[in-house]
Amino acid sequence: MSAALPRRRVAVLISGRGSNMTSLLAATKDPAFPAEIALVLSNRPDAPGLATARENGVATVAIDHKQHASREDFERVMQEALVAHNIELVCLAGFMRILTPWFVERWTGRMINIHPALLPLYKGLHTHERALADGVKLHGASVHFVVPGMDEGPIIAQAAVPVLDGDTPGTLGARVLAQEHVIYPLALRLLASGRLTVDGARVRTAGEAGETSALVAPQLA
Ligand code: GRF
């Protein structure tokens with residue numbers, strides 16, 4: 001029997017409810033998953049996701065950005081917490097602070113983010129409202145490496161969902177969120193197991209199946 005490989009130590013950074021954090025926690029409960037959630041960190045001490053993390057026996061840290069004079073001060077304290085917990089990989093999951101190049105560069109190739117749109121479309125906020133206003137037939141979610149530009153960086157995984165007649169930002173957002181909970185654990189698994197190579201803008205995935213089926217919307221009844 002070969003010894004199990006050490007699992008990569010991951011910090012999940014949140015600001016709110018933490019449903020993506022919960023999906024990562026669930027995936028990492030499998031001992032075969034190549035990463036473990038070693039820390040959940042929030043810039044908001046009242047983030048509901050912190051309680052969920054604690055209930056799951058995960059270490060938590062709240063670093064209130066409002067208690068720090070500058071973005072740099074806040075990030076330095078955050079960096080110290082990550083180092084103190086021997087963190088190797090960082091997952092941003094609804095973390096609502098813009099990060100400076102100083103912090104981002106410390107985690108190049110080791111920090112990923114989930115965004116509720118098919119990047120490079122709809123960077124920033126209110127993605128579901130904007131997709132509905134544009135009348136697109138497909139919308140979705142992306143996981144990407146974090147670079148200094150907001151919602152930029154090589155894309156690791158995407159999921160597309162149809163936009164249906166009668167959708168509201170709420171119904172469309174719920175359909176997207178269900179897929180976020182699928183692709184974030186997938187992306188972390190690929191990163192933690194060393195299967196990703198960044199080649200310019202493209203992320204190459206070792207062992208990709210080469211499947212070419214398409215999702216077409218609308219589908220007829
Ligand atoms: C998700 O839609 C994520 O894509 C975005 O912020 C939201 C966070 O939701 N970056 P949750 O806290 O993970 O439930």
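Reader: Which pocket is the space taken by the ligand?

Author: The largest one. A pocket is an open set of points on a 1 Å grid over the protein atoms alone, where a 1.4 Å probe fits, with protein on both sides within 12 Å along at least five of seven lines. The ligand counts as sitting there if more than half of its atoms lie within 2 Å of the grid points. This is a predicted model: local features need pLDDT of at least 70, side-chain atom pairs need 80 or more, and totals for chains, interfaces and linings use all residues. Numbering starts from 1 along each chain as its sequence is written, and side-chain values use heavy atoms, without hydrogens or water.

Reader: What makes a residue part of the shell around the ligand?

Author: One of its heavy atoms lies within 4 Å of the ligand. Arg-17, Gly-18, Ser-19, Asn-20, Gly-94, Ile-114, His-115, Pro-116 and Glu-180 qualify. They divide into two nonpolar, five polar and two charged. Gly counts as polar here. Helix H1 (19-28) and strand E5 (111-115) each supply at least two shell residues. Both are DSSP runs, at least four residues for a helix and two for a strand.

Reader: Why is the ligand said to lie between domains?

Author: Domain 1 (8-107) and domain 2 (114-208) both give residues to the shell, so the ligand lies between them. The bounds come from an automatic or database assignment.

Reader: Which ligand atom does the side chain of Ser-19 approach, and how do you know that the pair is a polar contact?

Author: A polar side-chain atom of Ser-19 lies 2.5 Å from a ligand oxygen. The cut-off is N or O atoms within 3.5 Å, so the pair passes. Glu-180 also has a polar side-chain atom 2.7 Å from an oxygen of the ligand. Asn-20 uses a polar backbone atom, 2.8 Å from a ligand oxygen. The protein buries 84% of the 370 Å² that the ligand exposes when taken alone, by the Shrake-Rupley method with a 1.4 Å probe.

Reader: What is the peptide bond from Leu-119 to Pro-120, cis or trans?

Author: Cis, with omega near 10 degrees. Pro-120 is in the loop between E5 and helix H5 (127-134). The bond from Ala-217 to Pro-218 is cis too, with omega near 5 degrees.

Methods. A polar contact is a pair of N or O atoms within 3.5 Å; within protein, one must be able to donate a hydrogen and the other to accept it, and residues adjacent in sequence count only if both atoms are side-chain atoms. On a 1 Å grid over the protein atoms alone, a cavity is a set of points where a 1.4 Å probe fits but cannot get out, and a pocket is an open set with protein on both sides within 12 Å along at least five of seven lines; lining residues have an atom within 4 Å of a point.
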